[in-house]
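Me: Hi! I'm new to this one and would love a quick tour. Could you walk me through it?

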Amino acid sequence: MTRVAAVDCGTNSIRLLVADADPETGELVDLDRRMTIVRLGQGVDRTGRLAPEALERTFAACREYAAVIKEHGAERLRFVATSASRDAENRDEFVRGVLDILGVEPEVITGEREAEFSFTGATRELTGRDDLARPYLVVDIGGGSTEFVVGDDQVRGARSVDIGCVRMTERHLVRDGAVADPPAEEQIAAIRSDIEAALDLAEETVPLSEARTLVGLAGSVTTVSAIAQNLSAYDPEAIHHSRVSYDRVREITETLLRSTHAERAAIPSMHPGRVDVIGAGALVLLSIMERIGASEVVVSEHDILDGIAWSVA
């Protein structure tokens with residue numbers, strides 16, 4: 001066993017996993033898994049820069065994570081940064097801050113590399129299951145981008161496109177500094193148009209039509225699962241490997257897009273940091289299911305974070 005730490009810093013959240021990994025058996029034993037909403041990508045789509053307050057929120061989370069990593073005595077640490085820090089002009093400020101706090105330089109990876117990590121994290125434990133047809137289509141719906149990977153024992157195609165829940169919300173639903181509550185039909189149509197164009201791009205390099213099982217990752221997908229199950233609180237064990245039908249995803253998406261901020265915030269399993277972006281995230285998931293004709297989505301709590309941990313081990 002090797003004790004490893006992995007940090008995934010995305011557009012909306014930063015997450016930590018400390019685990020014992022055994023590459024020979026394929027076992028990854030969680031010691032600490034946590035997530036903080038920092039909204040690092042605040043305004044990046046509009047300004048091209050990381051906002052000072054977003055950087056400070058992220059650095060505060062890094063200081064908390066540094067203490068956890070030290071407490072568990074992790075032997076190796078890898079810090080991966082994704083969409084928001086790829087797009088920002090001032091990402092050097094972000095890199096210096098993380099290096100000062102955690103002692104490692106964040107790797108600002110490509111969307112394709114991000115997709116590969118997500119695929120490994122989500123599918124490694126599915127090996128040998130005969131109830132899930134292959135190849136898989138793994139979709140990781142993040143804050144700034146969505147990653148698509150088709151593969152079975154190996155990746156057949158991967159692509160990252162800029163249709164994350166934060167990016168779509170800020171681009172189409174924010175007016176005068178506030179999120180539309182609820183959004184107008186023309187705003188929803190504009191998001192739909194962006195999503196369809198991005199799916200066209202993904203299909204240029206990823207054989208989406210070959211997929212037999214859709215595996216969905218990240219907060220938008222897991223929150224939809226929690227709502228579908230009417231959970232009284234967010235429960236990772238109940239969500240992991242749950243299955244949500246297309247009809248239920250459509251129903252939930254339509255409800256979220258018609259609801260007010262207060263109504264979404266009152267959902268017991270809703271994280272406060274997702275209240276304003278969950279409608280756009282659910283719409284990305286629904287659009288993907290419609291494009292490939294998926295009857296259901298298999299929801300995974302294991303994703304890019306687990307893929308990063310395996311890369312360290």
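Me: Let's start with the pockets. What volume does the second largest pocket have?

Reply: Happy to help! This is a predicted model, and in it the second largest pocket has a volume of about 350 Å³.

Me: Which residues are closest to the centre of that pocket?

Reply: Of the 19 residues that line the second largest pocket, Q42, G43, R46, E170 and V174 are the closest to its centre.

Me: And which elements give two or more residues to the lining of the second largest pocket?

Reply: Those are helix 1 (44-47), helix 6 (165-172) and strand 10 (178-179). Helix 6 provides the largest share of this lining, with four residues. By class, the lining of the second largest pocket has seven nonpolar, five polar and seven charged residues.

Me: Helix 6, then. At what angle does helix 6 pack with helix 7?

Reply: The angle between helix 6 and helix 7 is about 135 degrees, and their axes are 10 Å apart. Helix 6 and helix 7 are therefore oblique to each other.

Me: Is that crossing left-handed or right-handed?

Reply: The crossing of helix 6 and helix 7 is right-handed. On the helix 6 side, M168, R171 and H172 meet Q187, A190, I191 and D194 in helix 7. Those contact residues divide into three nonpolar, two polar and two charged.

Me: Back to pockets. How much space lies in the largest pocket?

Reply: The largest pocket holds about 720 Å³ of space. It is lined by 39 residues, and the closest to its centre are R15, M35, G219, R274 and D303.

Me: Which elements each supply at least two residues of that lining?

Reply: For the largest pocket, the strands are strand 2 (13-22), strand 3 (27-37) and strand 6 (136-141). The helices are helix 8 (219-228), helix 9 (236-239) and helix 13 (304-312). By class, the lining of the largest pocket has nine nonpolar, 19 polar and eleven charged residues.

Me: What about closed spaces? How many cavities of 30 Å³ or more does the structure hold?

Reply: The structure holds two cavities of that size. About 70 Å³ of space lies in the largest cavity.

Me: Which residues line the largest cavity?

Reply: The lining is made up of L173, V179, A180, P183, L256, L257, R264, D276, V277, I278, G279 and A280. Helix 10 and helix 12 are the elements that give two or more residues to this lining. Helix 12 gives the most to the lining of the largest cavity, with three residues. By class, that lining has nine nonpolar, one polar and two charged residues.

Me: How do helix 10 and helix 12 cross?

Reply: The axes of helix 10 (residues 246-258) and helix 12 (residues 278-292) come within 9 Å and cross at roughly 150 degrees. That makes helix 10 roughly antiparallel to helix 12. Their crossing is left-handed.

Me: Which residues make that contact?

Reply: From helix 10 come Y246, V249, R250, T253, L256 and L257. From helix 12 come I278, G279, A282, L283, L285, L286, M289 and E290. Sorted by class, the contact of helix 10 with helix 12 has ten nonpolar, two polar and two charged residues.

Me: One more pair, please. At what angle do helix 2 and helix 4 cross?

Reply: Helix 2 (residues 52-72) and helix 4 (residues 91-102) cross at roughly 25 degrees, and their axes come within 9 Å. Helix 2 and helix 4 are therefore roughly parallel to each other. Helix 2 passes helix 4 in a right-handed crossing.

Me: Which residues meet there?

Reply: L55, T58, F59, C62, R63, A66 and I69 in helix 2 meet E93, F94, G97, V98, I101 and L102 in helix 4. These divide into nine nonpolar, two polar and two charged residues.

Me: Switching to the backbone: is the peptide bond from R134 to P135 cis or trans?

Reply: The bond from R134 to P135 is cis, with omega near 5 degrees. P135 lies in the loop between helix 5 (111-123) and strand 6. The peptide bond from D181 to P182 is also cis, with omega near -5 degrees. You'll find P182 in the loop between strand 10 and helix 7 (185-205).

Me: Last one! Is phi of R39 positive or negative?

Reply: Phi of R39 is positive, near 50 degrees, in a residue other than glycine. R39 is in the loop between strand 3 and helix 1.

Technical notes
Residues numbered from 1 in each chain as written. Predicted model: local features only at pLDDT ≥ 70, side-chain atom pairs only at ≥ 80, totals over all residues. Heavy atoms only, no water. Axes fitted to C-alpha atoms, helices over the stretch in contact; angles between N-to-C directions. Parallel < 35°, antiparallel > 145°, perpendicular 65-115°, else oblique. Left-handed = near helix turned anticlockwise from the far one by under 90°. Contact = heavy atoms within 4.5 Å. Nonpolar A, V, L, I, M, F, W, Y, C, P; charged D, E, K, R; others polar. 1 Å grid on protein atoms, 1.4 Å probe; cavity = no way out; pocket = protein on both sides within 12 Å on 5 of 7 lines; lining within 4 Å. Points joined across faces, edges and corners; volume = space filled by probe spheres on them.
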